[in-house]
Amino acid sequence: MPSDHELIQNLYAAYCFTVDRGSAEDIAACFWDDCYLNFGGNIHEGADAARIGFAKWITKMRDPVKGLRHCLYSPLITVDGNRANAEAYYDADGHAGRKGKPIQLRGLYRSTLEKRANATGTYEWRFLKHEVQIWPSIRDHSAPTGQEAQV
């Protein structure tokens, strides 16, 4: 049976893969209904608000990017019972659709996670609070525009 640390690492991986190519519904499934999401300064309270924000972001920002790929670095995870805190650095890259220009984002995920019973009665970890910090690219030393950070 996987440890809580492994399950949380898998949740982070599932989040990255679904952000890269899943639906807004798939992404929101990584969060509890009473979640708090801060995506680059855009706040969404509750899974429904997060789902709407992700749907807008997918249409406006993700779908025009070809080959979007998130890479995580070893997360620092502290488990205390059914609650955990975690931080992980990430890089995201791809090519802008129209011009093919390479893009690179980097930043930090800072999360509070909880293990709760889901609708089927089995226990699982999901995000309760999730902050996505978007840092300037090291390639061009410019900060992301407000539009790049919006969800």
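R110 is partly exposed, with a relative accessible area of 36%, where partly exposed lies between buried (under 20%) and exposed (over 50%), computed with a 1.4 Å probe on protein chains only. The model is predicted, so that local features need pLDDT of at least 70 and side-chain atom pairs count only at pLDDT 80 or more, whereas totals for chains, interfaces and linings use all residues. Residues are numbered from 1 along each chain as its sequence is written, and side-chain values use heavy atoms, with hydrogens and water left out.

**Exercise 1. The salt bridge of R110**

Find the residue whose side chain meets that of R110 in a salt bridge, and state where in the chain the two partners lie.

Step 1. The partner is E87, with an N to O distance of 2.6 Å; a salt bridge here is a side-chain nitrogen of Lys or Arg within 4 Å of a carboxyl oxygen of Asp or Glu.
Step 2. This pair links distant parts of the chain, since R110 belongs to strand β6 and E87 to strand β5, 23 residues apart. Strands are DSSP runs of E with at least two residues, helices are runs of H or I with at least four, and both are numbered from the N terminus.
Step 3. E87, at a relative accessible area of 29%, is partly exposed.

**Exercise 2. The neighbours of strand β6**

Determine how many bridges join β6 to β5 and to β7, and describe the turns between them.

Step 1. Strand β5 (residues 83-96) runs antiparallel to β6 and is joined to it by 13 bridges, where pairing requires that DSSP finds at least two bridges between two strands. Within this pairing, S111 of β6 stands opposite A86.
Step 2. Between β5 and β6 the hairpin has five residues, and G100 takes a positive phi near 70 degrees.
Step 3. On β7 (residues 123-135), also antiparallel to β6, the count is twelve bridges, and W125 is the bridge partner of K115. This hairpin likewise has five residues between its strands, with G121 in the turn at a positive phi of about 90 degrees.

**Exercise 3. Two buried residues, Q104 and E114**

Establish which residues Q104 contacts beyond its neighbours within four places in sequence, and which residue forms a salt bridge with E114.

Step 1. Q104 lies in β6 (residues 102-117) and is buried, with a relative accessible area of 17%.
Step 2. Its contacts, meaning heavy atoms within 4.5 Å, are with A92, D93, S137, I138 and R139.
Step 3. E114 counts as buried at 14% relative accessibility, and its salt-bridge partner is R116, with the closest N and O atoms 2.7 Å apart. Salt bridges with shared partners join D34, R83, E114 and R116 into one network.

**Exercise 4. The two faces of helix α3**

Decide which residues of α3 are buried, and which exposed ones sit on the face turned away from them.

Step 1. The buried residues of α3 are A47, A50, G53, F54, W57, I58, M61 and R62. They lie on the same side of α3 because they cover an arc of only 145 degrees around the axis, taken from the directions from the helix axis to the C-beta atoms.
Step 2. The face turned away from that buried side carries the exposed residues D48, I52, K56 and T59.
Step 3. D48, exposed at 54% relative accessible area, meets R51 in a salt bridge of 2.5 Å, N to O. Both residues belong to α3 (residues 47-62), three residues apart, about one turn of the helix.
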